[in-house]
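Hello,

Here is the structure I promised to pass on to you. Have a look at it first, and then read my notes below.

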Amino acid sequence: MGEGHEFSPEGLEANFPVGLDLDSDGGQTATTIGEKEYVIGGSDDGAVSIGVRILDKSTGKWEIPMVLGMEPAPCRGHSAVLLNNDKILVLKSDSAPDDCIWFLEVDTPFVKTKKKILESEVVAWSKGVKGDGSKPVVISGPSGVGKGTLINRLMDEYPSSFGFSVSHTTRAPRQKEKDGVHYHFTERSIMEKDIKDGKFLEFANVHGNLYGTSIEAVEVVTDSGKRCILDIDVQGARSVKASSLEVISIFICPPSFEELEKRLRGRGTETEEQIQKRLRNALAELEQGKSSGLFDHILVNDNFETCYANLKKILDRDGSINAVCPPSESIKLPVGHSVSVMDQKVLIRCGKDEHGKASNSLFVLDTSSLKGGAPWRTRGLKCVRH
Ligand SMILES: Nc1nc2c(ncn2[C@@H]2O[C@H](COP(=O)(O)OP(=O)(O)O)[C@@H](O)[C@H]2O)c(=O)[nH]1
Ligand SMILES: Nc1ncnc2c1ncn2[C@@H]1O[C@H](COP(=O)(O)OP(=O)(O)O)[C@@H](O)[C@H]1O
């Protein structure tokens with residue numbers, strides 16, 4: 001978070017408008033943006049859900065949107081606050097402290113892109129997580145250049161800082177590859193259906209097989225408090241960039257085409273035919289990777305140790321390489337809480353404590369410097385208790 005965002009509590013309550021239509025008891029909230037009313041939650045057969053419906057006020061018609069990302073678990077109540085006209089802050093009552101703050105993105109750049117691709121009404125859940133976090137890292141480069149070797153080394157050296165986004169692929173596993181660790185090996189028809197259902201952040205046809213990053217693969221890493229590493233091809237890197245998701249992108253080049261061929265053959269994991277296909281594709285990948293301005297950094301993997309040291313330098317510059325998220329300053333909201341909002345500061349009055357006793361607890365959430373968003377999770381929240 002940048003400087004100058006500290007929030008002063010003086011005169012807090014006097015400055016906040018009180019009694020906005022933020023009801024935490026009813027199990028259902030309605031938030032209006034233009035002609036659309038986003039209704040979150042409600043009772044289904046007595047169980048309170050956190051489902052989403054949209055009422056088009058001009059036609060009176062209801063629509064059930066495609067909901068991307070992991071949904072919050074049902075809760076006994078929640079409050080909803082519209083932020084920046086593109087996302088709804090959802091504060092869950094009576095939930096675990098690390099499951100209390102969520103964002104329903106309804107018109108963020110990420111959601112807008114997905115609406116176009118999926119040709120459907122789309123919303124996306126993004127969990128509010130502790131710390132400022134660092135940008136996920138996209139690593140691309142031709143087959144055999146050394147991406148996997150670099151990533152493995154980084155994860156071995158910093159196991160608590162980095163987590164690998166396990167992609168799905170339709171290619172057959174190599175001898176030492178494990179399902180769920182190196183890839184989720186899957187059938188094309190299943191993967192194509194999941195793509196249609198909006199479960200993938202990006203996907204591409206590479207060397208004759210389908211590869212893709214599921215939203216869940218990224219969420220699993222981010223929820224563990226680690227910085228996510230994606231090993232994806234140039235098309236995938238382009239899709240991620242087009243989704244307006246903030247990443248740091250690095251393209252790995254070989255010192256020469258001959259050396260690339262030598263490494264690919266030396267690895268001994270592909271048939272001659274597959275090697276030929278990968279080498280043909282490498283020419284186009286190298287051209288795109290180097291020329292399109294798509295990547296923030298280009299590294300030549302000649303001497304491995306030098307390349308690895310340069311990779312670490314880049315990552316350290318963008319956020320400490322050793323960074324582990326600090327403990328969350330999390331809140332547990334009772335069912336009877338109330339919420340007011342002014343500018344991008346949200347005042348939460350607890351009313352009761354979690355055991356139902358009267359409480360004067362006040363929290364202010366400063367949402368002015370949010371970072372990330374679905375599916376990277378939403379960071380940069382400042383929570384101050386008074
Ligand atoms: N777009 C996209 N590309 C991926 C994904 N996972 C892997 N790839 C790319 O697919 C290509 C082939 O990967 P793989 O079959 O493991 O072969 P390797 O690159 O030679 O190790 C590489 O360029 C990977 O970066 C993914 O989820 N999405
Ligand atoms: N700098 C390097 N010099 C020589 N060999 C390398 C270097 N980096 C990686 N390799 C070797 O090249 C082969 C391909 O590396 P790998 O990490 O599997 O590539 P990728 O994941 O990009 O397909 C492996 O056998 C690896 O040990």
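**Notes on the two ligand sites**

In this model, a polar side-chain atom of Glu 202 sits 2.7 Å from a nitrogen atom of ligand 1. Please keep in mind that the model is a predicted one.

Glu 202 has company at this site. The side chain of Asp 231 places an N or O atom 2.6 Å from an oxygen atom of ligand 1, and a polar side-chain atom of Arg 174 is 2.9 Å from an oxygen atom of that ligand. On its own, ligand 1 would expose 570 Å², and the protein buries 95% of that area.

Which residues come nearest to ligand 1? Of the 20 around it, they are Ser 143, Arg 171, Tyr 183, Tyr 211 and Asp 231. Asp 231 therefore turns up both in that group and in the polar contacts, where a pair of N or O atoms has to be within 3.5 Å. Sorted by class, the shell of ligand 1 holds eight charged, seven polar and five nonpolar residues. Two strands, E14 (200-206) and E15 (209-214), each give at least two residues to this shell. As for its location, ligand 1 sits in the largest pocket.

Now to ligand 2. What lies 2.8 Å from an N or O atom in the side chain of Lys 147? It is an oxygen atom of ligand 2. The backbone takes part here as well: a backbone N or O atom of Gly 148 is 2.8 Å from an oxygen atom of ligand 2, and a polar backbone atom of Val 145 is 3.3 Å from an oxygen atom of the ligand. The protein covers 73% of the 570 Å² of accessible area that ligand 2 has alone.

Around ligand 2 there are 13 residues, of which Gly 144, Lys 147, Thr 149, Arg 267 and Asn 301 come nearest. Its shell divides into six polar, four charged and three nonpolar residues. Helices H3 (147-157) and H7 (257-267) each supply at least two residues of that shell, and H3 gives the most, with three. The space that ligand 2 takes is, again, the largest pocket.

One item from the records: an unreviewed UniProt entry places the feature "domain: Guanylate kinase-like" at residues 134-316. In the model, that span is 45% helix and 21% strand, and its end C-alpha atoms lie 10 Å apart.

Happy to hear what you make of it.

Best wishes

Terms used:
Residues numbered from 1 in each chain as written. Chains lettered and ligands numbered in written order. Predicted model: local features only at pLDDT ≥ 70, side-chain atom pairs only at ≥ 80, totals over all residues. Heavy atoms only, no water. Near = heavy atom within 4 Å. Polar contact = N/O pair within 3.5 Å; in protein donor to acceptor, adjacent residues only side chain to side chain. Areas by Shrake-Rupley, 256 points an atom, 1.4 Å probe, with all protein chains shown as cover. 1 Å grid on protein atoms, 1.4 Å probe; cavity = no way out; pocket = protein on both sides within 12 Å on 5 of 7 lines; lining within 4 Å. Sits in = over half its atoms within 2 Å of the grid points. Helix = DSSP H or I, 4+ residues; strand = E, 2+ residues; numbered from the N terminus. Nonpolar A, V, L, I, M, F, W, Y, C, P; charged D, E, K, R; others polar. UniProt positions renumbered as here; feature names shortened; annotations may be inferred.
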